[in-house]
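Walk me through this fold. Start at one residue and work outward.

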Amino acid sequence: MSDTIFLNGLKFYGYHGALPAENEIGQIFIVDITLKVDLKPAGESDQVTDTVHYGEVFEDVKAIMEGEPVNLLEHLAERIAKRINSHYNRVMETKVRITKENPPIPGHYDGVGIEIVRENR
């Protein structure tokens with residue numbers, strides 16, 4: 001199955017990070033979500049009840065990203081994947097990518113971050 005729903009370039013301001021400056025100043029986090037979903041039922045029925053409502057997924061991600069600060073992007077990604085996989089039974093797999101464009105580390109780069117893929121069992 002290669003059907004996907006994606007939410008790309010979601011931007012949230014948060015205070016996550018292992019360094020004190022990240023917790024005090026905060027920064028913008030960019031989140032990309034890809035969901036493996038069988039889209040054929042929705043394609044045939046034209047009913048939102050036969051798919052995953054990406055507006056609701058956005059609100060779930062927003063609540064986590066703008067919520068209580070954590071140290072690691074890995075922890076945020078796990079929380080997002082668990083939330084999606086536990087609330088949307090049509091999702092077969094969730095990919096979460098989180099990018100920090102301006103972490104407090106010296107150097108020149110477009111961003112640093114992580115990506116995880118979790119199956120919905």
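Helices and strands here are DSSP runs, numbered from the N terminus; a helix needs at least four residues and a strand at least two. The model is a predicted one. By that naming, Lys100 belongs to strand β3, which covers residues 91-100.

Take Lys100 as the starting point. Its relative accessibility is 9%. Buried means under 20%, so Lys100 counts as buried. What does the side chain of Lys100 make a polar contact with? The partner is the side chain of Glu22, at 2.5 Å. Beyond its neighbours within four places in sequence, Lys100 also touches His16, Gly17, Gln27, Ile28, Phe29, Leu73, Gly111 and Val112. His87 sits elsewhere: 13 residues separate it from Lys100 along the chain, and their C-alpha atoms are 27 Å apart.

Move next to His16, one of the contacts of Lys100. His16 is in the loop that links β1 to α1 (20-25). Is this loop residue buried or exposed? Its relative accessibility is 1%, so His16 counts as buried. Two backbone atoms lie by its side chain. The backbone oxygen of Met65 is 2.8 Å from a polar atom of that side chain. The backbone nitrogen of Val70 is 3.1 Å from a polar atom of the His16 side chain. The wider contact list of His16, leaving aside neighbours within four places, includes Glu22, Gln27 and Phe29. Lys100 has contacts with these three residues as well. Ile64, Gly67, Glu68, Pro69 and Leu76 are also among the contacts of His16.

Met65 leads into helix α3, residues 54-65. This helix has 12 residues and spans 16 Å from first C-alpha to last, close to the 16 Å expected at 1.5 Å a residue. Which residues of α3 are buried? They are Val57, Asp60, Val61, Ile64 and Met65. These residues cover an arc of only 125° around the axis, so they lie on the same side of α3. They pack against β1 (4-14), β2 (27-37), α4 (73-87) and β3.

Val61 shows some of that packing in detail. Leaving aside neighbours within four places in sequence, Val61 contacts Leu10, Phe12, Val31, Ile33 and Ile80.

Now the core. In soluble globular proteins, nonpolar side chains tend to be buried together. The largest nonpolar core here has 27 residues, and Ile33, Leu35, Val61, Met65, Ile80 and Ile98 touch the most other members. Two or more residues come from each of β1, β2, α3, α4, β3 and β4 (112-119). The element that gives the most is α4, with 6 residues.

Last, the record. An unreviewed UniProt entry places the feature "domain: Dihydroneopterin aldolase/epimerase" at residues 5-118. In the model, that span is 34% helix and 33% strand, and its end C-alpha atoms lie 15 Å apart.

Terms used: Residues are numbered from 1 along each chain as its sequence is written. This is a predicted model: local features need pLDDT of at least 70, side-chain atom pairs count only at pLDDT 80 or more; totals for chains, interfaces and linings use all residues. Side-chain values use heavy atoms; hydrogens and water are left out. Buried means under 20% relative accessible area, exposed over 50%, partly exposed in between (1.4 Å probe, protein chains only). Contact means heavy atoms within 4.5 Å. A polar contact is a pair of N or O atoms within 3.5 Å; within protein, one must be able to donate a hydrogen and the other to accept it, and residues adjacent in sequence count only if both atoms are side-chain atoms. The expected span of a helix is 1.5 Å times one less than its number of residues. The arc is that of the directions from the helix axis to the C-beta atoms. A nonpolar core is a set of buried Ala, Val, Leu, Ile, Met, Phe, Trp, Tyr and Cys residues joined through side-chain atoms within 4.5 Å. UniProt positions are given in the numbering used here, feature names are shortened, and annotations may be inferred rather than shown by experiment.
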